[in-house]
Amino acid sequence: MGVDRLRDDRLRMNRWAAGVSILAAGLMLGMANEASAQRVQIECRGFGTNDDGSTFEAGSEYEHRPGDRTRFDLLLCGVTPGADYVICFSADSCDFVISAQGSSNGQIFVRYRTDDGNFPPDFPFLASGDVLYVNDQAVAVYTNGENNFNCNSNGNGNGNENENGNENGNGNGNENGNGNENGNGNGNGNGNDNGGGGQGCQGAIKAKYAQRGDPDKVKGKLKGYDAGATYVVSLINSGGTVVGTQSITTSSDGRAKFTFSGVTCSGAPHTVSNDTCGQVSAVTRVCGG
């Protein structure tokens with residue numbers, strides 16, 4: 001009788017221990033799933049040096065959503081046309097490498113989308129604090145947020161919308177609207193003029209691939225420019241070739257819209273350029289989608 005009771009007690013203890021182990025494993029799996037299900041949205045921006053000593057600027061955005069929907073954008077401005085660049089995300093060993101060549105307009109643009117089916121299966125899971133490396137240079141650190149980085153000669157991204165006056169340390173770039181006209185000597189030589197175009201270039205250019213029946217069009221707009229001013233706008237394919245150019249005049253509110261038709265998606269991803277001001281912006285959305 002005592003032996004049977006001891007056997008029963010041991011069975012109950014074993015079942016209890018097994019139950020605890022299963023519960024612990026379930027909790028650990030749940031925490032892992034919860035971590036992987038969290039949305040990550042980070043961005044970085046910084047500067048590097050070309051082989052000839054000139055400076056290039058880099059901007060990148062990374063977003064991972066629950067359900068493995070992931071996107072990655074990288075834009076380098078001011079690189080050497082025809083030169084090779086190696087981009088990765090680790091100081092010690094680049095397990096994943098992006099190899100690219102500077103286009104004729106001095107840019108490199110990389111876009112990956114799981115929705116497009118072009119997202120590399122071995123692309124690393126990025127998080128805030130990871131470092132973007134270009135040709136072994138630590139260019140920038142990813143932080144939480146999302147930017148609207150464009151290629152502008154002064155690298156401020158999108159006109160006065162990103163409060164770039166404080167980024168160069170003069171503390172008043174956006175208070176006077178043009179950065180250098182008050183002679184504050186902020187050191188970057190061009191204040192908020194967005195690309196050397198001078199007065200009238202404080203705005204931003206944006207564009208996207210048209211969808212819902214118009215997959216062969218790129219539609220865009222100018223915003224924040226001088227009223228009644230004329231600007232030359234170009235569409236550029238991924239190889240750096242200009243595939244369309246037009247002149248547009250802004251309305252009384254400093255805005256203007258433009259459309260490029262007959263866009264060939266084999267040239268995607270495209271960029272649009274405000275040639276008058278030297279500004280370039282990536283075309284968003286999926287071409288032909």
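The following paragraphs lead through the fold of one protein chain, from its overall make-up to its sheets, cores and disulfides.

This is a predicted model, in which local features need pLDDT of at least 70, side-chain atom pairs count only at pLDDT 80 or more, and totals for chains, interfaces and linings use all residues. Residues are numbered from 1 along each chain as its sequence is written, and side-chain values use heavy atoms, with hydrogens and water left out.

The protein chain contains one helix and 16 strands; helices (H or I, at least four residues) and strands (E, at least two) are DSSP runs numbered from the N terminus. Of its 289 residues, 41% count as buried, where buried means under 20% relative accessible area, exposed means over 50%, and partly exposed lies in between (1.4 Å probe, protein chains only). The chain exposes about 15000 Å², of which carbon and sulfur atoms supply 49%; these areas come from the Shrake-Rupley method with a 1.4 Å probe, and for residues only the protein chains shown count as cover. Among contacts (heavy atoms within 4.5 Å) between residues at least 6 apart in sequence, 57% join residues at least 24 apart.

The strands β1, β2 and β3 may be taken up next. Strands of a sheet pair through backbone hydrogen bonds, either parallel or antiparallel; here two strands count as paired if DSSP finds at least two bridges between them. Strand β1 (residues 40–49) runs antiparallel to β2 and is joined to it by 10 bridges, with T55 of β2 as the bridge partner of T49. The two strands form a hairpin with five residues between them, and G53 in the turn has a positive phi of about 95°. On to strand β3 (residues 69–77), β2 pairs in the antiparallel sense over nine bridges, and A58 stands opposite L76 in β3. Three residues separate the strands in the hairpin of β2 and β3, where G67 takes a positive phi near 95°. Nine of the 11 residues of β2 (residues 55–65) are buried, so this strand is largely enclosed by the rest of the structure. In addition, C44 is buried, with a relative accessible area of 1%.

An open sheet of four strands follows the order β5-β4-β7-β8, with antiparallel pairing. Its edges are β5 (98–101) and β8 (137–141); each has a single partner strand, so one side of each is left without a neighbour in the sheet. Neighbouring strands of this sheet are turned by 25° against each other on average, direction ignored; the axes behind such angles are lines fitted to C-alpha atoms, for helices over the stretch in contact, and angles run from 0 to 180 degrees between N-to-C directions. Within the sheet, two bridges join β4 (residues 84–88) to the antiparallel β7 (residues 131–134), and C88 stands opposite Y133 in β7.

A further open sheet has seven strands in the order β13-β12-β15-β16-β10-β11-β14, and its pairing is mixed. Here β13 (242–249) and β14 (256–260) stand at the edges, each with a single partner strand, so one side of each lacks a neighbour in the sheet. The average turn between neighbouring strands is 20°, direction ignored. A parallel pair in this sheet is β10 (residues 204–209) with β16 (residues 279–284), joined by two bridges; A207 stands opposite V283 in β16.

The interior can be described through nonpolar cores, that is, sets of buried Ala, Val, Leu, Ile, Met, Phe, Trp, Tyr and Cys residues joined through side-chain atoms within 4.5 Å. The largest has 27 residues, and those with the most contacts inside it are F72, L76, F89, F123 and L132. The elements giving two or more residues to this core are β1, β2, β3, β4, β5, β6 (107–113), β7 and β8. Apart from it lies another core, of 20 residues, among them C201, Y209, L235 and V283.

Three disulfides are counted, each a pair of cysteine sulfur atoms within 2.5 Å. One joins C88 to C94, with an S to S distance of 1.8 Å; C88 is buried at 4% relative accessibility, whereas C94 is partly exposed at 33%. In another, the sulfur atoms of C201 and C277 are 1.9 Å apart, and the torsion about the S-S bond is about -80°, so this disulfide is left-handed. C201 lies in the loop between β9 (143–144) and β10 and C277 in the loop between β15 (271–274) and β16, so the pair ties together parts that are 76 residues apart in sequence. Both C201 and C277 are buried. C265 and C287 also form a disulfide, with sulfur atoms 2.0 Å apart.
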